[in-house]
Amino acid sequence: MNRYYIDVSYEDVQYAEQAPSQMVVEHLEKVLTMLGQPSCECSVSFVSDDTIQDLNRTYRDKDEPTDILSFVQEEDVEDFSWPEVQVGLIDGPPEEIRVLGDMVISLDALKRNALSFSVEPDEELFRLLIHGLLHLLGEDHSSNDADEPMLIKQEKLLHQLRGSKR
């Protein structure tokens with residue numbers, strides 16, 4: 001049985017009202033299950049536009065806010081090897097867990113996106129979680145054009161898992 005270890009954190013405790021931890025974990029578990037992903041670990045942090053702009057400037061040289069950033073846990077960094085995480089199971093031997101990485105989502109941008117695309121904030125949250133997870137799993141896109149293969153996959157997953165109004 002696959003186990004998913006998902007850590008959810010908030011820059012401000014009030015953000016938990018907009019993106020409840022239980023809902024975030026359930027959404028990510030649905031996507032991971034649908035993609036057939038074996039046991040893994042990832043995290044998602046909810047922050048303000050100011051914080052994500054600082055991260056975007058630092059890590060992408062783009063001095064502007066964005067809706068989501070994904071930080072893939074790289075295993076092939078020269079001269080460094082990330083240890084596999086092993087979790088001891090009560091009913092069996094330790095299990096190796098793939099550490100996918102971290103997602104950071106701006107709730108300010110999420111709200112703007114929902115208004116711009118005329119969708120509910122929960123749907124946009126699910127879309128961003130799928131988007132970030134696909135990046136953590138190694139997928140990428142060169143633009144935000146709707147015909148990008150990763151974005152097509154994202155919308156297909158969203159539609160299959162919950163129905164999209166877009």
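**Figure 1. D122 and the company it keeps in this predicted model.** Look past the residues within four places of D122 in sequence, and D122 is in contact with M23 and R162. M23 sits 99 residues away along the chain, yet the C-alpha atoms of M23 and D122 are separated by just 9.3 Å. D122 itself belongs to helix α5, which runs over residues 121-136. With a relative accessible area of 33%, D122 is partly exposed.

**Figure 2. Helix α5, from end to end.** Here's the helix that D122 lies in. It has 16 residues, and the stretch from its first C-alpha to its last is 22 Å, close to the 22 Å expected at 1.5 Å a residue. Is α5 mostly enclosed or mostly open? It's largely enclosed by the rest of the structure, because 14 of its 16 residues are buried. After α5 comes G138, which has a positive phi near 100°.

**Figure 3. The largest nonpolar core.** In soluble globular proteins, nonpolar side chains tend to be buried together. In this model, the largest nonpolar core holds 32 residues, and the members that touch the most others are I6, V24, L28, V44, F46, I105 and L125. Who supplies the core? At least two residues each come from β1 (4-10), α2 (21-34), β2 (40-47), β5, α4 (107-117), α5 and α6 (149-161). Helix α5 gives the largest share, with 8 residues. Zoom in on L125 and, leaving out residues up to four places away in sequence, you'll find it touching A19, M23, V24, F46, I105 and L110.

**Figure 4. S106, tucked away in strand β5.** Strand β5 covers residues 92-106, and S106 is part of it. Is S106 buried or exposed? Its relative accessibility is 0%, so S106 counts as buried. A polar atom of the S106 side chain lies 3.1 Å from the backbone nitrogen of A109. Setting aside residues up to four places away in sequence, S106 also touches V47, S48, D49, I52, T66 and D67.

**Figure 5. A salt bridge between R57 and D63.** The whole model has 7 salt bridges, and this view picks out one of them. The side chains of D63 and R57 meet with N and O 2.3 Å apart. D63 is exposed, at 51% relative accessible area, while R57 counts as partly exposed at 35%.

**Figure 6. R127 and E155, a bridge between two helices.** R127 and E155 form a salt bridge whose closest N and O atoms are 2.7 Å apart. This pair links distant parts of the chain: R127 is in helix α5 and E155 is in helix α6, 28 residues apart. R127 is buried, with a relative accessible area of 2%, whereas E155 counts as partly exposed at 21%.

**Figure 7. E139 and K153, with a loop joining in.** Another salt bridge pairs E139 with K153, and here the closest N and O atoms are 2.6 Å apart. E139 sits in the loop between α5 and α6, K153 sits in helix α6, and the two are 14 residues apart. Both count as partly exposed, E139 at 25% relative accessibility and K153 at 31%. Elsewhere, salt bridges that share partners join E123, E124, R127 and E155 into one network.

**Figure 8. Y10 and F46, a stacked pair of rings.** How many aromatic pairs turn up in the whole structure? There are 2. In this one, the rings of Y10 and F46 are stacked, 5.6 Å centre to centre with 20° between the planes. Y10 lies in strand β1 and F46 in strand β2, so the pair ties together parts that are 36 residues apart in sequence. Y10 counts as partly exposed at 23% relative accessibility, but F46 is buried at 0%.

**Figure 9. Y59 and F71, an edge-to-face pair.** What makes this pair edge-to-face? The ring planes of Y59 and F71 stand at 75°, with centres 5.2 Å apart, and planes over 60 degrees apart count as edge-to-face. Y59 lies in helix α3 (residues 49-60) and F71 in strand β3 (residues 68-72), so the pair ties together parts 12 residues apart in sequence. Y59 counts as exposed at 56% relative accessibility, and F71 is partly exposed at 25%.

Key
Residues numbered from 1 in each chain as written. Predicted model: local features only at pLDDT ≥ 70, side-chain atom pairs only at ≥ 80, totals over all residues. Heavy atoms only, no water. Helix = DSSP H or I, 4+ residues; strand = E, 2+ residues; numbered from the N terminus. Buried < 20%, exposed > 50% of the residue type's maximum accessible area, 1.4 Å probe, protein only. Contact = heavy atoms within 4.5 Å. Polar contact = N/O pair within 3.5 Å; in protein donor to acceptor, adjacent residues only side chain to side chain. Core = buried A, V, L, I, M, F, W, Y, C linked by side-chain atoms within 4.5 Å. Expected span 1.5 Å × (residues − 1). Salt bridge = Lys/Arg side-chain N within 4 Å of Asp/Glu carboxyl O. Phe/Tyr/Trp six-rings, centres within 6.5 Å; stacked < 30°, edge-to-face > 60°.
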